[in-house]
Amino acid sequence: TATNQLFLLNPQLHLWRFEVTYTFISETSVSSLNFIINQPPCNGSCSITPLNGITTSLFDISCPDWFDEDGIRDYAVYAWTNDLTEQIIVAYSAVPTFQVRLPSGDNQTSLLHLIVYIRDTLNCIAEFNLSSVNVIPDLVGITNLINNIQNLSSGITTNPIVQLLAGENQNVVAQLIISLSQELNKMNNDNIDKAISNGIPVTSISISPFGYQISQGLSIPINKSALIEYNTELNKQANVRDYLITFITNLAITSLDSIKLQASSLAQFTKATNQLTRTTLTLAADRCYQLTIALYLKRTRIPYEDVQTAATQLIQCAANLLSAVNGPLQQRTTILNLDSLRATTFPSDYDTDLESEWSNLNLFADGNDFSWETIEKGRNIYYQSQLANQIAIQMNDLVSLLTSTLNIHLNIEQSILINTSQVLMSLKTKTVEIFSNKYIQQIENAQIQFPENLNLNLTKNSKISIRSIIEPLAPFGIANTNLSRLVTFSVIEENEISVQTNVNHPIEIIIPRDPNLIIPSMILQNVTSMNFTPYNQLFHLHYLDITSSLSISIHFEIQPLNISLAYLFIYKFDQLPQLNTSINNIDGWTLFCPLNLTNETLYKYFIDNQQTSDHQSIIYGLRELNSTEMMNTCSNTSISSLPITDQRFNFTSNYQLRIYTSGCYYLDKNNQWKSDGLTVGPLTNHYETQCFSTHLTSFAGGFVILPESINWNYVFANADFMKNKTIYLTVICVSVIYIILIIYARFKDKKDIEKLGVTPLPDNHRSDQYFYQIIVFTGQRKGAETNSNVHFIIYGDNDETHIRTLADSQRKILQRGGIDSFVMAVPESLGLLNCIRIWHDNTGKGSSSSWFLKYLIIRDLQTMEKFYFISQRWFAVEKDDAKIERILPVAGDIEKQQFSYILSKKAYHSVSDGHLWFSIFSRPPSNQFTRVQRCTCCFVLFFISMFLNIMYYD
């Protein structure tokens, strides 16, 4: 395939010859084709006015006087800021004078560069550079749009941007979507950067694009309020994308320019992979696939450059969708509020469709846990997983179609590279002969190296294509691939060829990880402190649980505080290793000598996944070599025997330890992760995995940093009281406090039961058949309770009650912090309630005569309508304004949003019910989470915290 650059660089040449020479043993044959190059349109110019504006401004583009003997087909406008290779189509027109809305320019200068492609009917193109323009975002219009969508206000249909989008004009919709997407993407990046600066790990809220690397320290504590603020902004912008997606998918696919324009819109729109709801993902995936089919059907009638432009945007869209749908499953992004709401909303056919997934709680439960929180979380995971499988199948078909579309434009030794921040794809056309030597394919940080003389069962000169794709995030599965890039290698003739090698000559693959993963600091092993305790161990032993459904490798990193020391390292799978003069029961060993230290002063040891396979645990031991052993072993390069001793060891210096596991996994035909036929290589490190494979497919690397294991043998061997007085006294004291609190909590739980229930008012008449529930909230202030008789009258639109009294002969009411519920019967509905007149007779003794009323809620039990009456005042002759009678009007929305009411309500709930420790003493009686249960949870949490401190901080 001869690209247009060959002809553009030689404009003076019109007559060309394509000649092929065939050389045989006895003769030479020549075949040639003479052709005339179609000349591009000429004699014209283009201009744009004005030269300054905002993203919703209309810019006039005029391209007069262009001539071509074959006729002008269209004028297409492309825009870019800094990198010409990142230009995107923003408009096309069949007439020379048209209007466009442009995306914003460079962040610093607001400058936007433009170029017009004038195309004739035979697809020959002339390029004309327009004057650069200054375009700034229409922040007011964008803010109004976001607020209208967020509040679902009636004004959304009258919003000027929405009205333009609703017109379904290809150019207008695409231009606005591109502009809005770019601004939303900037806002999303700013939101992420702000969260990161407040200590939130970048890998927990976003998927790093290629070329994006930050330096995030470990010392910044996580700011919880910043996380709440981040999620608020995240969901606000996700709601906007969810609303806007239908305007793209409603557009018709009419021409090649239409395909390119919609593909560019979708690539920009889906770029923020943490903001795409399941509805957005479904619609965007369908539209990307439809555009790909439309491009595939035109593949033989359109130029290579147009195919490359459209394919770049479509493959970028596909990668965005795959990252977005797998992000929540891989715990790299959060489940969006809109998805959670839709997952838990009753479907319209809930009562009639008895076999619906929504009704089958077994799909969403966690074992025997059918709690509402578990079901809600399970629903989201289930629906997200279903959609992930659906999109994976759809996008695999999309990639195959794009490969076929591109392949017909590539001949032997030609290639195409799609290099964006969201996806990297290389497609090279070769002959089978290249596999006679070691063939290495490098794409970004990923690499594949084929063995020599790879047999593909094809003739020597057969044309094949080698496709390499790297995506930012591996799909979800049982493997720990949430930090891995997805690397796919394929060899294609007409279809994908099955590539098989043997174990002795495997394919080597380097799989990169997200560069922004945070590596925890090493854990200090305070081994010198054990020198003062009696024990008979020959090694300092550690236990590791390596149970895994897929095989994993284990990587040890040891950093001695004294780098002149040497160590003997031994291990045994599933058993205690033993090594002395009479017993040699180990599975492996190595010597750590100062000469083996890396540049980071680390000793490293690696056990591959073939050795760990079928094992559940590993126990490894370390001991420090004395000077004699060190001299005999570390100076000898051919050590064949171990330095064995029967004497207990002493450490002269502490060391630091870090252990992590890695794995090599591939996706099978069912899109499930497997590890058979793969071996983890010794070059694996924190940021990439080396794999050896006997076949080709999609690959990812597993990575998990393991916490410190507890050496239980040592713990129980040194568990006597005299050695651990502080620990035993702490546990005893905590246990005594727990028992005392349990007795108190049980007593208060019984008292709470007495407070429960709804009390009918004693002055109810049997003949009255209209009922109201009255809920009275007494304040938490000192002396807020009362023994006085409380009376009230309720006034409604239709009627009013006579004087009624709050009383209960069975239990005390209106106690400090209490919530009392009563049922009042009246002859007929009072209508809409207006106010309540409430007072007491001040007959209580001492301080019990006064009363602090927070608020009342009256609920019509027939219509279930609630009426709020906010007081927040004393009813006392000696306090406040000395009144014991007040008229409380029904509270409207404004009153219920007042700071004092919200603060009182939220603070009460946060302390009395939401705070685990405080709620032991102030738990609301109506809550089913008892004080005894809360007390037990507190102490379980306390002991778990102690245990985790041992594991992570020694």
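**A nonpolar surface patch and two buried cores**

Helix α18 supplies the largest share of a nonpolar patch, 4 residues. The structure is a predicted model, in which local features need pLDDT of at least 70, side-chain atom pairs count only at pLDDT 80 or more, and totals for chains, interfaces and linings use all residues. Residues are numbered from 1 along each chain as its sequence is written, and side-chain values use heavy atoms, with hydrogens and water left out.

The patch lies on the surface and consists of Ile-727, Val-731, Trp-917, Phe-918, Leu-941, Phe-942, Phe-943 and Met-946, which together have about 680 Å² of accessible area (Shrake-Rupley method, 1.4 Å probe, with only the protein chains shown counting as cover for residues). Patch residues have over 30% relative accessible area and no salt bridge (a side-chain nitrogen of Lys or Arg within 4 Å of a carboxyl oxygen of Asp or Glu); like charges are joined within 9 Å, and nonpolar side chains (Val, Leu, Ile, Met, Phe, Trp, Tyr) within 5 Å. At least two residues each come from α14 (725-755) and α18 (931-953); helices (H or I, at least four residues) and strands (E, at least two) are DSSP runs numbered from the N terminus. Phe-942, located in α18, is partly exposed, with a relative accessible area of 31%.

The largest nonpolar core (buried Ala, Val, Leu, Ile, Met, Phe, Trp, Tyr and Cys residues joined through side-chain atoms within 4.5 Å; buried means under 20% relative accessible area, exposed over 50%, partly exposed in between) has 64 residues, of which Leu-321 and Ile-391 touch the most other members. Helix α8 (residues 304-326) contributes the largest share of this core, 13 residues. A second, separate core of 35 residues includes Ile-546, Phe-573, Leu-667 and Trp-673.

Definitions and conventions. Buried < 20%, exposed > 50% of the residue type's maximum accessible area, 1.4 Å probe, protein only.
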